[in-house]
Amino acid sequence: MGKVTGFLEIDRQDRKYKSAADRVRHYNEFVIPLSEETTKDQAARCMNCGIPYCHNGCPVNNQIPDWNDLVYHGEWEQASRNLHSTNNFPEFTGRVCPAPCEASCTLNLQDQPVTIKTIECAIVDKAWENGWLEPQPAASKTGKKVAVVGAGPAGMAAAQQLARAGHDVHVYEKHAKAGGLLRYGIPDFKMEKKIIDRRVAQMEAEGVVFHYNSNVGVDVPAKKLVDEYDAVLLAGGAEQPRDLPAPGRELDGVHFAMEFLPQQNRRVGKEPLTTNEPILASGKHVVVIGGGDTGSDCIGTSVRQGALSVTQLEIMPQPPVKENKLLTWPDWPLKLRTSSSHEEGAEREFAVLTSAFEGENGVVKKLKCVRVDGKMQAVPGSEFDLKADLVLLAMGFVSPVHEGMLKELGVAFDNRGNVLADTLGYASSLDKVFACGDMRRGQSLVVWAIREGRQAAHSIDKTLMGRTDLPR
Ligand SMILES: Cc1cc2nc3c(=O)[nH]c(=O)nc-3n(C[C@H](O)[C@H](O)[C@H](O)COP(=O)(O)OP(=O)(O)OC[C@H]3O[C@@H](n4cnc5c(N)ncnc54)[C@H](O)[C@@H]3O)c2cc1C
Ligand code: SF4
């Protein structure tokens, strides 16, 4: 383990942010890494508990106490090897994972969990800096061909695993670049896109072929892939947004978050917008409907674009500031979470329902709102209006898009409309066709997408070869 008495001697210290006044003037990342010595001290706080709950908290089962110990002893390259044995892209999770591992850490019983995510990020950033992450092409080829639909974290993780196992892997992606929601949803200030580009270059050197601007089911017939490949993995995400069918929804200025966020990411990435209708928050009163990561990203982006005000509405009541550990630990607790974007200047309103959008000349001007009680019933007399020139709907995603590829294939769905496949074989209802990530499990997290991509690759390799050395 790290230092036997480390957790008694050393206080938790985590990465800080550049000041809000400074960071809102650009779209770059603003997290300030800890120094090498401080990171080692933080790793020394790991108690190497008899039961490392953090392993279970982490969806890719990162071997957290092992790499904490290696970091404490300055064995960074070995720590990187260990970390990459369970996670293809720790630089993604080290930046955007909500870190359920830290909620599970035994030291979280006293609100002082090990800074696991920060240490993970430090390990992989150092590995890139030192050139330790060379491509790992397979020593021999299997002669099998696998198509992966979708270059999000699930598709990328699966493709990398399958290529390293010796298969010819072709990734079909409808957008111009890889990354999925990491590229076009999550803003650059949370994760700069060069982080994705260097992994794509590594994967290409390992033999993965990316086919961009290829919308399967539209530009490329899905059945053609099934005919031409030995296996097809559907990793197209859950892109059907949840709507708010209130009166006035059709007004200009009411948009889904995923109409707004990708535009800014494209501007930063110097990609052309895919529409003639730029959506900008500059000089506007913005209302974001829905909490969660997507809502936060809309706030941070609106503030950077120069919004006059940003208000976030959440229909659920405000959760407690602090959880009751004895009821929640080691699980992920429901509590009030304040993101860096909230700190940049947004009003937050809880237990509020939007009953209508109102506008002038076809353009939204205000929202009609009402407060709701614990049973989601309108509280009489609590109606109020909210000024709004731009409304962003960030209420999550209901399922994958069925039109196009999924309908053409005729694949079976579960009762939530996701592609039906279990988490042992990841096999869909169709022969040779597998599914993983948000397309299979519904809207989730990057770390879950990586887990499912890895596990689906294991299953596909085993199906094609009768055996597999790929880890689950
Ligand atoms: C705005 C926003 C912010 C988020 N922030 C976080 C966060 O901070 N932390 C976190 O852990 N998670 C976050 N998430 C969730 C996370 O991004 C997703 O859970 C994760 O990206 C899912 O990975 P995936 O590979 O399954 O799908 P996706 O990332 O959605 O990738 C699917 C890919 O498939 C492509 N595709 C779809 N259909 C086709 C087709 N027919 N042909 C070709 N290509 C196709 C899409 O273009 C896309 O590139 C956020 C989500 C959003 C929307
Ligand atoms: S991937 Fe997420 S849950 Fe796993 S160790 Fe990293 S931050 Fe924690």
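With 10 C-beta neighbours inside 10 Å, D111 counts as exposed, and this residue sits in the loop between α8 (100-104) and α9 in what is a predicted model. The phi angle of D111 is near 60°, which is a positive value in a residue other than glycine. The chain that holds D111 is divided into domain 1 (6-129), domain 2 (145-239 + 399-465) and domain 3 (243-395). The points below take up the domains, the packing of helices against α9, the backbone geometry at selected residues, and the surroundings of a few individual positions.

**Domains**

- The assignment gives domain 1 as residues 6-129, domain 3 as residues 243-395, and domain 2 as the two segments 145-239 and 399-465.
- Taken over C-alpha atoms, the centres of domain 2 and domain 3 are separated by 30 Å, and their contact draws nine residues from domain 2 and 11 residues from domain 3.
- On the side of domain 2 that touches domain 3, the residues fall into five nonpolar, one polar and three charged.

**Helix α3 against helix α9**

- Helix α3 (residues 36-44) packs with helix α9 (residues 116-129) at an angle of about 130°, and the two axes are 10 Å apart.
- That angle makes α3 oblique to α9, and the crossing in which α3 passes α9 is left-handed.
- The residues that meet are T39, Q42 and A43 on the α3 side and T118, I119 and A122 on the α9 side; by class, the residues of this contact divide into three nonpolar, three polar and no charged.

**Helix α6 against helix α9**

- Helix α6 (residues 76-84) also has an axis that comes within 9 Å of the axis of α9, and the two cross at roughly 110°, which makes α6 roughly perpendicular to α9.
- From α6 the contact is made by W76, A79, S80 and L83, while α9 contributes E120, I123, V124, K126 and A127.
- Sorted by class, the contact of α6 with α9 has six nonpolar, one polar and two charged residues.

**Backbone geometry**

- W329 and P330 are joined by a cis peptide bond, for which omega is about 5°, and P330 is placed in the loop between α16 (325-328) and α17 (340-343).
- M376, although it is not a glycine, has a positive phi of about 65°, and this residue is found in the loop between β13 (363-371) and β14 (384-387).
- M376 is classed as exposed because 11 other C-beta atoms lie within 10 Å, and a residue counts as exposed if that number is 12 or fewer.

**Surroundings of L367**

- L367 lies in strand β13 and is buried, since 24 other C-beta atoms are found within 10 Å.
- When residues up to four places away in sequence are not counted, L367 touches V287, T354, F357, D385, L386, A388 and V391.
- The C-alpha atoms of L367 and E314 are separated by 14 Å, with the two residues 53 residues apart along the chain.

**Surroundings of H458**

- H458 belongs to helix α20 (residues 446-465) and is buried, because 22 other C-beta atoms lie within 10 Å, where 20 or more are needed for a residue to count as buried.
- Leaving aside its neighbours within four places in sequence, H458 is in contact with T468, L470, P471 and R472.
- H458 and C105 are 353 residues apart along the chain, and their C-alpha atoms are separated by 29 Å.

**Surroundings of T423**

- T423 is located in the loop between α18 (405-409) and β17 (433-435), and with 14 other C-beta atoms within 10 Å this residue is partly exposed.
- From C-alpha to C-alpha, T423 and R440 are 9.2 Å apart in space, and in sequence they are 17 residues apart.

Definitions and conventions:
Residues numbered from 1 in each chain as written. Chains lettered and ligands numbered in written order. Predicted model: local features only at pLDDT ≥ 70, side-chain atom pairs only at ≥ 80, totals over all residues. Axes fitted to C-alpha atoms, helices over the stretch in contact; angles between N-to-C directions. Helix = DSSP H or I, 4+ residues; strand = E, 2+ residues; numbered from the N terminus. Parallel < 35°, antiparallel > 145°, perpendicular 65-115°, else oblique. Left-handed = near helix turned anticlockwise from the far one by under 90°. Contact = placed C-beta atoms within 7 Å. Nonpolar A, V, L, I, M, F, W, Y, C, P; charged D, E, K, R; others polar. Domains from an automatic or database assignment.
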